[in-house]
Structure formats: structure tokens, C-alpha cells
Amino acid sequence: MMRGVARAWTVVALAACARAAHPAHEGAGMAAPRAPAASAPVLVTQRSGTTALLQAVSVVDARTVWVSGHQGTWARTLDGGATWETGRVPGADTLQFRDVQAMSADTALLLGAGNGDLSRIYRTTDGGRHWSLRWVNDEPRAFFDCFAFWDARRGLAFSDAVDGAQMVLATTDGGVRWERIPPASLPAALPDEGSFAASGTCVATAGEGDAWIGLGNTSAARVLRTRDGGRSWSASVVPVASGTAAGIASVIFRDTLHGVALGGEIGKPVGRGDYVARTADGGRTWSVGGRPTFAGAVYGAAYVPGAPTPTIVAVGPGGMDLSTDDGGHWARLDTLAYWSVGFASPAAGWAVGPGGRIVKVVLAGASASASR
């Protein structure tokens, strides 16, 4: 998240913790929820084993999911969320792991977000029993927000700009080593430009070398894009609310052409406006999308693999929404506060948020009514 905005997240979270009914917890000794009608989405609260604010989700498959959050916290399930194993990285209790990237049940990376050396990357290859520190930020004014991978070896990490230069790191060995992409390869930053470490979704990858980074906190919301694995970049202006503490918090793509940028006015928990934009040409041009039903900014979003139409779930402190038309229209799923969401299929998604919240989202057979 951008410097100077950090305290706003806690305020927004407390202001937005509305309550909604959920089926019973999954887990040993708990009754399974009754099967609903095929068209009704189902939200099932799961026992995370932590009360930390959870901010990121990485779904490997319908059974294997990793999440991460504050107080050096990570959690993993190998059974679709019936049980969760939770831990803290030794020596990292004060870090905020605002992003997680899982390669398998055993291998995952955590991105700590913060100024200076609070931004760091840890890696495990044994399911969280041991963590190795793979990178520490040595630029005091940098604040790393998100990372994303094309495959198990190649990935990117992004920081707010420093001295007018964008900061992007690259790895080609699964996160063991990281090197900065030459600033000359990237468009110059606008004044105070950066991103939001809200959900681990401000960087997206697709195909063999396409990637996008959502930006804000300045005069125009923009997306940086590359088609060659990060060797060269260009920028496009996106019609999403812009200005101080406003812009793009999440950028998602279902292929190399079709994607959605989401965000809004982070400092306005009840704000409403043009918070969603869509592209069909790989991010070169963008048009305004539909307005989510919940108030406040969108923090995170995810496409739903295997859905019959281009389906997206978007979340924020104001709630959770569903779109079945690539972000054109939205319908309410929940009023609880969430930070991030991810899916393996329409029948297997997970959303996370304050107080250790993990909710399984089942959309199989569901459709959303149109709303603007």
C-alpha cells in the first residue's frame, strides 16, 4: 500500500464490519450445511485458527489454498478448508504479509509490505515448517505492494515509485533471487504514484509474458503493461476514480486480452463512483464498467475459472459482489468486510478479511441479477 495511506485501512475496516448470516463452520464435529437450490450461491465460514487481518489468497486447486496477513501470519488448507493450519514466520511477527503466491501444497512465497526493510520476501518449500528470507528491500522510500507469477519460476514484484521511477523486481528461479528491472524500461511515474497493498492483486500475469500493474494516488489512474515478460513496458490511463488515496487496487485478467481494473476512493468508506473499468485489447484501452452494489472501494477481485460466462467476484470492506458479464453489472453476495478473494472453480472460492475471516464461496449453478 502507498505510503501515508496505511492507517486508513484499519479505520475503513472497523467502519465496514456489517454482519450477515452464514452457514455453520466447516470442520470436525460440525454439521454440514444443507444443500441449497442449484442457483443459490453459498458462503460457508471456516475456522482459520487466527484473529489476524488476512489480506491475500492464493488458490492452487480446489483443496489446496494459502492465505496471508498481519502479525507475520500465514495459513494453509489441504482439504478445501475443512481444516486450516496456521502459523507465523519466525522473527516476522510484526510484518504484514499483504500477498502470498503458492506454487504447490509445499512451496509458497510471502510478500511483506511496508517502508524500507519491512518490505521483504520469504519462501518455503516444506509446507511452512521452515521459511527462508529471500529478499529485503534496501531503499528506505520504497513500499512493495504486490507480486504475481506466470509459472513456478518467473514472477514480478512491484513497489510505489521512488524519485519518479517505477520499481519492479523480477525473478526467474521461483523467488530465490530477485533483480530490479531497469527503470528506463518503464514509463516515468506521475507525482506520488504508487499502488495499494490491499489484496495482493495489484499485479496480474497471463500467457507467456503479459503482465499488468494497477496504479493510483495521483492525477490519473493508470495501468502499466508488458507483453515480453517485463523487458519493456507502456502505460494506459484508466477511467477509474483518481487522486490522493484513490485509483486501482486490483487488476485481473482472464486471458491476454480481457481484463478488469477495480479500486476507488480508499479514503471514502461510503464512497460510490466509477470504480471499475474493462478492457478487451490487453489493456491498451479501457471503458467504464458497472458499479458494485456495496459502498466504498474494491480492494480485491478474481475471475472464476470454469464459469459458463466471464464471472468475477469483487470484495472490499463494504461487502462482496458477483458479476457474470465481465464486470458490466453486479449483484450482492455479502455485506461482511473482505480484503481478497480467489477461486479454483465455481464450486471452490475463498474470501478473507478482518479477524482471521475465511469464507468459502460456492457459486456452482449460480447467476447474478443485473444491477448498476
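**Exercise 1. Is alanine 245 buried or exposed, given its relative accessible area?** Place the residue in the chain and describe its backbone as well.

*Solution.* Keep in mind that the model is predicted.
- Step 1: alanine 245 has a relative accessible area of 16%.
- Step 2: buried means under 20%, so alanine 245 is buried.
- Step 3: along the chain, alanine 245 sits in the loop between strand E17 (234-237) and strand E18 (246-253).
- Step 4: the phi of alanine 245 is near 55 degrees, which is positive although the residue is not glycine.
- Step 5: most residues other than glycine have a negative phi.

**Exercise 2. Which loop holds asparagine 217?** Work out its backbone and burial too.

*Solution.*
- Step 1: asparagine 217 belongs to the loop between E15 and E16.
- Step 2: its phi is positive, about 65 degrees, and asparagine 217 is not a glycine.
- Step 3: with 11% relative accessibility, asparagine 217 counts as buried.

**Exercise 3. What lines the largest cavity?** Start from the cavity count and end with the chemistry of the lining.

*Solution.*
- Step 1: there is 1 cavity of 30 Å³ or more in the structure.
- Step 2: the largest cavity holds about 50 Å³ of space.
- Step 3: its lining is made up of Asp210, Trp212, Arg225, Thr226, Arg227, Thr256, Leu257, Asp281, Gly282 and Arg284.
- Step 4: strand E15 (210-214) and strand E16 (222-226) are the elements that give two or more residues to this lining.
- Step 5: by chemistry, the lining residues split into 5 charged, 3 polar and 2 nonpolar.

**Exercise 4. In what order do the 4 strands of the open sheet E22-E25 run, and how do they pair?** Then follow strand E24 to one of its residues.

*Solution.*
- Step 1: the order is E22-E23-E24-E25, with antiparallel pairing.
- Step 2: strand E22 (300-303) and strand E25 (331-334) are at the edges; each has a single partner strand, so one side of each lacks a neighbour in the sheet.
- Step 3: on average, neighbouring strands of this sheet are turned by 25 degrees against each other, direction ignored.
- Step 4: between strand E23 (residues 312-316) and strand E24 (residues 319-323) there are 5 bridges in the antiparallel sense. Valine 315 is opposite methionine 320 in E24.
- Step 5: leucine 322 is also found in strand E24, and leucine 322 is buried at a relative accessible area of 2%.
- Step 6: a C-alpha separation of 8.4 Å is found between leucine 322 and proline 292, which are 30 residues apart along the chain.

**Exercise 5. How many residues of strand E6 (residues 97-102) are buried?** Describe its partner strand next.

*Solution.*
- Step 1: 6 of the 6 residues are buried, so strand E6 is largely enclosed by the rest of the structure.
- Step 2: E6 and strand E7 (residues 108-112) run antiparallel, joined by 5 bridges.
- Step 3: glutamine 101 has leucine 109 in E7 as its bridge partner.
- Step 4: the hairpin from E6 to E7 passes through 5 residues.

**Exercise 6. How many aromatic pairs are there?** Classify the pair of tryptophan 66 and tryptophan 131.

*Solution.*
- Step 1: the count is 11 aromatic pairs.
- Step 2: the ring centres of tryptophan 66 and tryptophan 131 are 6.2 Å apart and the planes stand at 90 degrees, so this pair is edge-to-face.
- Step 3: tryptophan 66 is in strand E3 (residues 65-69) and tryptophan 131 in the loop between strand E8 (120-124) and strand E9 (132-136), so the pair ties together parts 65 residues apart in sequence.
- Step 4: tryptophan 66 is buried at 0% relative accessible area, and tryptophan 131 counts as buried at 15%.
- Step 5: ring pairs link Trp66, Trp74 and Trp131 into a cluster.

Technical notes: Residues are numbered from 1 along each chain as its sequence is written. This is a predicted model: local features need pLDDT of at least 70, side-chain atom pairs count only at pLDDT 80 or more; totals for chains, interfaces and linings use all residues. Side-chain values use heavy atoms; hydrogens and water are left out. On a 1 Å grid over the protein atoms alone, a cavity is a set of points where a 1.4 Å probe fits but cannot get out, and a pocket is an open set with protein on both sides within 12 Å along at least five of seven lines; lining residues have an atom within 4 Å of a point. Grid points are joined across faces, edges and corners, and a volume is the space filled by probe spheres set on the points. Ala, Val, Leu, Ile, Met, Phe, Trp, Tyr, Cys and Pro count as nonpolar, Asp, Glu, Lys and Arg as charged, and the others, Gly among them, as polar. Two strands pair if DSSP finds at least two bridges between them. Axes are lines fitted to C-alpha atoms, for helices over the stretch in contact, and angles run from 0 to 180 degrees between N-to-C directions. Buried means under 20% relative accessible area, exposed over 50%, partly exposed in between (1.4 Å probe, protein chains only). Rings of Phe, Tyr and Trp (its six-membered ring) pair if their centres lie within 6.5 Å; planes under 30 degrees apart count as stacked, over 60 as edge-to-face and the rest as tilted.
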